[in-house]
Amino acid sequence: MSAALDTHGKAHDGHDDHGDHGHHTPTGFMRWVTTTNHKDIGTMYLWFSFAMFLFGGAMAMIIRAELFQPGMQIVTPEFFNSMTTYHGLVMVFGAIMPAFVGFANWQIPMMIGAPDMAFPRMNNWSFWLLPPAAILLVASFLVPGGGAGVGWTMYAPLTTQMGPGMDLTIFAVHILGMSSIMGSINIITTILNLRAPGMTLMKMPLFVWTWLITAYLLVASMPVLAGAVTMTLTDRHFGTSFFNAAGGGDPVLYQHIFWFFGHPEVYIIAIPAFGVVSQVIPAFSRKPLFGYASMVYATSSIAILSFMVWAHHMYVVGMPVAGQLYFMYATMLIAVPTGVKVFNWVATMWKGSLTFETPMLFALGFLFLFTLGGFTGLVLAMTVVDVQLQDTYYVVAHFHYVMVAGALFSAFAGVYFWFPKWTGKMYDETLGKWHFWLSIIFFNVTFFVQHFLGLAGMPRRIPDYALQFTEFNQISSIGAFGFGLSQVFFLYIIIKAIRSGEKAPQLPWDGADTLEWTHLPTPAPYHTFENPPTVK
Amino acid sequence: MSAADAIVNANRLLLRKLLVVSVLMFGFAFALVPFYEKICEVAGLRDIFRSDEVAAKNTQVDMSRSVLVEFDSNTQRLAWTFRPLALGLAAHPGAVMQVEYEVRNTLDRPVTGQAVPSYGPQRAAQYFRKLECFCFQQQTLAPGEVRRMPVVFVIDPDLPKDIGTITLSYTFFEVAGTQKRPG
C-alpha cells in the first residue's frame, strides 16, 4: 500500500495547482483513515477486497485439501462446514462486491467528469465499515462453538441453533449491508447529479450505466437480507418465531426472504462485471460498443427480472406446480437479455482490429466461460432437472463459472486495463499473459470436472464422499491449488508493476475513448475535473 | 442560490429518497411474513392448523371388510426388550382399535428412547391414523423398569381395497446425549 501511496503523493505534488487542503492533509496511516478522496477510497476498496480474496481463497484451499481423498484427513466436519460458509460469505461480501465498488469509486467520477463522489464523507464511512465486519467474521472462529457452519445462505432452522459465532456473523452481515447501501446511495447520487454538462444518460460509458443499475439493485435488496438476518437474530434471542415451526413459524419462509435478496445479489455481482467487459472489448477491438442502447435496456431488464425469479433456488422445498412452472419460465426469460449482451460483445469484435493484451484476454475468458456458466444455469432452471441436481456439485460448478470466470475474470480485466491510469506504471505484459493462461487453465481443471461429480450425485458442502468420486475430486483439488498459486502470482505482478513498472504512455490502449483517457493525464492526478469538461 | 448549493440540495434530496427506499425495503422483508402465510393458505400448503374433518368420517365403520394388522417391534443398538402383547388383530376400517406394547429397560441406568414407526406396505401409512401412541414422545425408563404402552388407531375407510394386511413396525432408538453423566 505504501507504494500506491507514494504514487499518489507524487501525482499530488505534480498536479495540484488548485491551492487546497494539501498542507492540512494528515500523512501516513491517518491519511487513509480520514481521506474523502474517491481515488484513495477506491484504492483501499481494491486492496481490502484483494486481501479478502486471499483469505477466502485460503479457505477454499482447505476445502479442496480435505476433499483430495475420501474420508476425513485434515479438518473436523464442523470446521469443514464453517470453511464452506465463510468461503462463500467472504468471497461474495468481502472480495467481489468491494472490488467492484473500488472500480466504481475510481472510475465513475472520472468517466462522467465529476470532481469526486457526491458524499465524500459517507464514502469514507462506507469503506471503513468493512474492516470491522471482516474482524467480526474472523472473530467468530474464536468464540465457543467456532464459526457458524450453516452455509453462506444461512438457512433457518440451522442458524437458530448455532453458537455465538452465528451472532457475530449476523452482525457482520448487518455491517456489510449498511456499507453497501451507503455506497450505492453515493453512486446513484453521483451519477444522477454530478455528470459533466453534455453527458446525457445515454452518453454515459456502459460501466457507469451498469453501476447505476447495480446500485439500485443494492438499495432494493440489501435491506431485505438485513431483515432476514434480523429475524434470525430475534428468533435466537428474543423469543420470536419467524422460522420456528414450534411457534407457528416456518423455516421455508427464510428461504423465500433470503432468495428475494439472493437472486438480485447474483446480478449485483455480475452486472458491474458486464460493465467492465463492455469497456474493455471495444477498446481492444478499436470499435465502438455494438448496440449501446440495447445493452442498457438488456441490463435493465435483467435487473427487473432478477426480482421475479428467486424461488428457482428452492424448487425442492415444496411449492405448487403452477409456482414451479412460473419460476422456471421466468428464469429462462433472463437468457434473452443475457443473450443480447453476449451477442453485442461478439458483434463488437466482428471485423474489429483486435489485439490481445492481458485485459482483452481476461475479457474474452469472461465471455467464453460466463456463457458456459449461463448454459448450465439454464439446465438448472428446469424444475425437473433441478430436482435431481439440487445441492450437488453441478450447482457448485455452475455458480463458480459465473462468479469466478465471470465476475473475478472481469475484475482482473479491469485492473490490468485501468492500472496505467491509476498508477502511471505499466504492468509486465508477459507476466500478465502468464497470469491469464494459468488462471483459465487451472480454473477449468478445478471446476469443469465438478459438473461430472454433480451429475453423478456428489452432494455439496459435505467433507467426505463415496469412493467412486475420488479421481474427479483429485483433479479438481490439483486445479484449485494451481488456481490459488496463480493468484499469489497476480499479487507479485501488481507489486512488481507498482515498484518497478515502466512509465505508462499517455494512452496505453489506442481504442480507449472514455473521459479518463481522453481528458486526463496518465497517471490521473489526485484531483480531477474540478472544472467539469464539456461533452459534445 | 449558487449552482454549487443547488447541487448540494439536489444531492441531499436524493439521499433522503434513497434512504426511505432502503427503510421501506427493510420493512418489506417483514411484510413478506404475512404475505407468505396468505399465499400458503390460498395454495393449500402448510395446513398444519386445519382441523380434522377426517375424524368425523371415521365414525362410519366399514363393516363390509376387515384388514389384518400385524405388529412388529425392533430396537436399534439399545438394550431394551420390546414386544407387542398381541401379534396381530383384525380391524374394520373406521373402527377405533387399541393394542399394547411392553418395553423393559435391561440396563442399570436410566435411558431415553424414541420409537419410530414404519408401515408395510408403505402406501398404507397415509390411511393409518394413530390417535394415541407412545411414539409421540420420548420415553425415559428407570433401570429395570417395565412399562406397558398403548397405541390407539383408526384405519381410514378410504384404504384401497387391495390392501388386506398392514404391518405396523416400531423401532426404538436411544436418544443420544440425554443420559446423565455420573457425577
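## Reading a predicted two-chain model

Me: In which sense do β4(B) and strand β8 (residues 146-155) of chain B pair, and over how many bridges?

Reply: β4(B) and β8(B) pair in the antiparallel sense over nine bridges, and you should keep in mind throughout that this is a predicted model. To follow the pairing by eye, begin with M97(B), whose bridge partner in β8(B) is F153(B).

Me: Which other strand is joined to β4(B), and by how many bridges?

Reply: Strand β2 (residues 80-84) of chain B is joined to β4(B), residues 96-105, by five bridges, and these two strands also run antiparallel. Here a good place to start is W80(B), which stands opposite N105(B) in β4(B).

Me: What should I expect of the side chains along a strand?

Reply: In a regular strand the side chains alternate between the two faces of the sheet. Strand β3 (residues 88-91) of chain B shows a covered face with L89(B) and A91(B), while G88(B) and A90(B) make up the uncovered one. The strand β3(B) also pairs with β1(B), residues 67-76, through four bridges in the antiparallel sense, and G88(B) is the bridge partner of E70(B).

Me: Is V103(B) buried or exposed?

Reply: V103(B), which is found in strand β4 of chain B, counts as buried because its relative accessibility is 0%, and the cut-off for that word is under 20%. Leaving aside the neighbours within four places in sequence, V103(B) is in contact with several residues, including W80(B), F82(B), L141(B) and F172(B). Another of these contacts is R147(B), and although V103(B) and R147(B) are 44 residues apart along the chain, their C-alpha atoms are separated by 5.4 Å.

Me: Which residues of α1(B) are buried, and against what do they pack?

Reply: An α-helix has 3.6 residues a turn, so residues three or four places apart point the same way. In α1(B) the buried residues include N11(B), L14(B), L15(B), L18(B), S22(B), M25(B) and A29(B), and the buried residues of this helix pack against α5, α7, α8 and α9 of chain A. The area buried between chain B and chain A is about 2100 Å², of which carbon and sulfur atoms give 79%. On the chain B side, N11(B), L18(B) and Y36(B) lose the most area to chain A, together 25% of what that side buries. The count of salt bridges between the two chains is zero.

Me: Where does α1(B) bend?

Reply: The helix α1(B) bends by about 30 degrees at F30(B), and a proline, P34(B), follows within four residues. Its 41 residues, 3-43, should span 60 Å at 1.5 Å a residue, and the end C-alpha atoms are 56 Å apart, which agrees.

Me: How many salt bridges are there over all chains?

Reply: A search of the whole structure finds 13, and one of them joins D167(A) to R236(A), with the closest N and O atoms 2.8 Å apart. Because D167(A) lies in helix α7 of chain A and R236(A) in helix α8 of chain A, the pair ties together parts that are 69 residues apart in sequence. D167(A) is buried, with a relative accessible area of 12%, and R236(A) is buried at 16%. In chain B, R83(B) forms a salt bridge with E102(B), at 3.4 Å between the closest N and O atoms. That pair links strand β2 to strand β4 of chain B, 19 residues apart, and R83(B) counts as partly exposed at 44% relative accessibility, whereas E102(B) counts as buried at 14%. Together with R148(B), these two residues are linked in a network of salt bridges.

Note on methods
Residues numbered from 1 in each chain as written. Chains lettered and ligands numbered in written order. Predicted model: local features only at pLDDT ≥ 70, side-chain atom pairs only at ≥ 80, totals over all residues. Heavy atoms only, no water. Pairing = 2+ DSSP bridges. Expected span 1.5 Å × (residues − 1). Bend = angle between axes of the 7 residues up to and from the residue. Buried < 20%, exposed > 50% of the residue type's maximum accessible area, 1.4 Å probe, protein only. Contact = heavy atoms within 4.5 Å. Buried area = accessible area lost by both parts, 1.4 Å probe. Salt bridge = Lys/Arg side-chain N within 4 Å of Asp/Glu carboxyl O.
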